[in-house]
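Please walk me through this structure, beginning with its overall layout and then turning to how individual parts of the chain meet one another.

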Amino acid sequence: MREFAPLIGPILALLFIFRRGLKPRRVKVNGLWRYPVIIAALALFTLWRGQAPGLIAVAVYIVAIAAGGALGWFTAQHAELTLDPGTGTITSKPTPFGTAITGAAFLAKFGLDYYVNGGPSNGGPHGDFAVRHSHGLTWFADAALLFVAARSLAQAAHMWIRTRPLLEQLEQHKATRAAEGPKPGDQ
């Protein structure tokens, strides 16, 4: 059982990612930042366990963060937001592509860590390829995690901006209904 303990983190991360990403969901404006902050914290915690990166790795990370932020901003632009004036609920239709990118980045990071480090019980790298390219593979996997974290933070920022007009519309609708007074069937 002890040899499977390192797999608990990746399994929980994937369950969290896919549970949240495969169904239409209510946009909770006050909790809009919760998921991106959790993903960013998981990514940073995963990176924190490794060695300090060199200049090339930092440059790769910066490019990954910029690309993730740009992709997140533009994909949130295409998310379908719907306002139900009766309940005041804003819903968002998720994109399977974004969920797949997030899951794939975490799988790549944990899979490469497993491959390069030899797995929980082996204690050594698998093969000559892993030994020669372990730094590059690790940089790629770390950059993928940073890409996903930046993408989700940028999506949250853009969704927050996009929900402002819907919330104003909802407040106007409520004010109009309050000014009209109760209708004969309302109770």
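Helices and strands are taken here as DSSP runs, a helix being H or I over at least four residues and a strand being E over at least two, and both are numbered from the N terminus. With that in hand, and bearing in mind that this is a predicted model, isoleucine 90 can be placed in strand β3, which covers residues 89–93.

The protein chain as a whole holds six helices and three strands, and from the N terminus on these elements follow the order α-β-α-α-β-β-α-α-α. Of the 187 residues in the protein chain, 36% are buried. Among the contacts with a separation of 6 or more, 77% are between residues that lie 24 or more positions apart.

Isoleucine 90 offers an example of such a meeting of distant parts of the sequence. Its C-alpha atom is separated by 7.9 Å from that of leucine 166, although the two residues are 76 residues apart along the chain. When residues up to four places away in sequence are not counted, isoleucine 90 touches Arg25, Arg26 and Val27, then Leu81, Thr82 and Leu83, and finally Thr163, Leu166 and Leu167. The relative accessible area of isoleucine 90 is 2%, and because buried means under 20%, isoleucine 90 counts as buried.

The helices can be taken next, starting with the pair α1 and α2. The axes of helix α1, residues 8–21, and helix α2, residues 34–48, come within 12 Å and cross at roughly 155°. Because of that angle, α1 is roughly antiparallel to α2. The crossing of these two helices is left-handed, and the contact is made by Phe16, Ile17 and Arg20 on the side of α1 and by Tyr35, Ile38 and Ile39 on the side of α2. Five of the residues in this contact are nonpolar, one is charged and none is polar.

Helix α3, residues 55–77, has 23 residues and reaches 33 Å from its first C-alpha to its last, which is close to the 33 Å expected at 1.5 Å a residue. Within α3, the residues Ala57, Tyr61, Ala64, Gly68, Gly69, Gly72 and Ala76 are buried.

Which residues does glutamine 155 contact, leaving aside its neighbours within four places in sequence? They are Gly72, Trp73, Thr75 and Ala76, and of these Gly72 and Ala76 are among the buried residues of α3. Glutamine 155 itself is found in helix α6, which spans residues 127–180. With a relative accessible area of 18%, glutamine 155 is also buried.

Methods:
Residues are numbered from 1 along each chain as its sequence is written. This is a predicted model: local features need pLDDT of at least 70, side-chain atom pairs count only at pLDDT 80 or more; totals for chains, interfaces and linings use all residues. Side-chain values use heavy atoms; hydrogens and water are left out. Axes are lines fitted to C-alpha atoms, for helices over the stretch in contact, and angles run from 0 to 180 degrees between N-to-C directions. Angles under 35 degrees count as roughly parallel, over 145 as roughly antiparallel, 65 to 115 as roughly perpendicular and the rest as oblique. A crossing is left-handed if the near helix is turned anticlockwise from the far one by less than a right angle, and right-handed if clockwise. Contact means heavy atoms within 4.5 Å. Ala, Val, Leu, Ile, Met, Phe, Trp, Tyr, Cys and Pro count as nonpolar, Asp, Glu, Lys and Arg as charged, and the others, Gly among them, as polar. The expected span of a helix is 1.5 Å times one less than its number of residues. Buried means under 20% relative accessible area, exposed over 50%, partly exposed in between (1.4 Å probe, protein chains only).
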